[in-house]
Amino acid sequence: MGCPEEGCDGELVQKVSKRGKVFYSCNRYPKCTFALWDKPVAKPCPLCNSPFLVEKSNKKGRRLVCPDKECRYSEELPEEE
């Protein structure tokens, strides 16, 4: 998936922090410092047209959520088998 930062032509890649936590950041670091803790999904938000959604999971299940906090779009994902 391409980096959503304006003017950046990098790709989002999965990395592991010093403490072992998975995160996603632009492969153009340090030129681009875009990073996310939640897994990005290449699906635009149907409400605000954000170019991607993020996957969040908790005890209740998994959801796709818009990264724009003002938008508040969310959809349930089916259970993994």
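# Briefing: an all-strand predicted chain

Glu5 is partly exposed, with 40% of its relative area accessible. This residue belongs to a predicted model, in which the chain has 7 strands and 0 helices. The mean pLDDT of the chain is 92, and 98% of its residues reach 70 or more. The points below start from Glu5 and go on to the aromatic pairs, the backbone and the chain as a whole.

**Glu5 and its surroundings**

- Glu5 sits in the segment before β1, a strand that covers residues 12-16.
- Which residues does Glu5 touch, leaving aside those up to four places away in sequence? Cys32 and Phe34 are the residues in contact with Glu5 on that count.
- Trp37 is 32 residues from Glu5 in sequence, and the C-alpha atoms of these two residues are 16 Å apart in space.

**Aromatic pairs**

- The whole structure was searched for aromatic pairs, and 2 were found.
- In the pair of Phe34 and Phe52, the ring centres are 6.3 Å apart and the planes stand at 90°; planes over 60 degrees apart count as edge-to-face, so this pair is edge-to-face.
- Phe34 comes from the loop between β2 (22-26) and β3 (35-36), while Phe52 comes from the loop between β4 (39-41) and β5 (53-58), so the pair ties together parts that are 18 residues apart in sequence.
- Are Phe34 and Phe52 buried or exposed? Phe34 has a relative accessible area of 16% and is buried, because the cut-off for buried is under 20%. Phe52 is also buried, at 5% relative accessibility.

**Backbone features**

- As background, most peptide bonds are trans, and most residues other than glycine have a negative phi.
- The peptide bond between Tyr29 and Pro30 is cis, with omega at about 10°. Pro30 is located in the loop between β2 and β3.
- Asn49 has a positive phi, near 65°, and is not a glycine. Its place is the loop between β4 and β5. Asn49 has a relative accessible area of 63%, so it counts as exposed, the cut-off being over 50%.
- Arg72, likewise not a glycine, has a positive phi of about 70°. This residue is in the loop between β6 (61-65) and β7 (74-76). Arg72 is exposed, and its relative accessible area is 72%.

**The chain as a whole**

- Along the sequence the elements follow the pattern β-β-β-β-β-β-β.
- Taken along the principal axes, the C-alpha atoms fill a box of roughly 35 × 30 × 20 Å.
- The chain has 81 residues, of which 33% are buried.
- About 6300 Å² of the chain is exposed, and carbon and sulfur atoms supply 48% of that area.
- Of the contacts in the chain with a separation of 6 or more, 14% are between residues 24 or more positions apart.
- The chain carries 15 positive and 13 negative charges, and the mean positions of the two sets are 7 Å apart.

**Confidence**

- Where pLDDT is low, the predicted coordinates should not be read in detail.
- Which elements of the chain have the lowest and the highest mean pLDDT? The lowest mean, 91, belongs to β5, and the highest, 96, belongs to β2.

Methods: Residues are numbered from 1 along each chain as its sequence is written. This is a predicted model: local features need pLDDT of at least 70, side-chain atom pairs count only at pLDDT 80 or more; totals for chains, interfaces and linings use all residues. Side-chain values use heavy atoms; hydrogens and water are left out. Rings of Phe, Tyr and Trp (its six-membered ring) pair if their centres lie within 6.5 Å; planes under 30 degrees apart count as stacked, over 60 as edge-to-face and the rest as tilted. Helices (H or I, at least four residues) and strands (E, at least two) are DSSP runs, numbered from the N terminus. Buried means under 20% relative accessible area, exposed over 50%, partly exposed in between (1.4 Å probe, protein chains only). Contact means heavy atoms within 4.5 Å. Accessible areas come from the Shrake-Rupley method with a 1.4 Å probe; for residues, only the protein chains shown count as cover. Lys and Arg count as positive and Asp and Glu as negative; His and the chain ends are not counted. The place of a charge is taken as NZ of Lys, CZ of Arg, CG of Asp or CD of Glu. pLDDT is the predictor's confidence in each residue, from 0 to 100.
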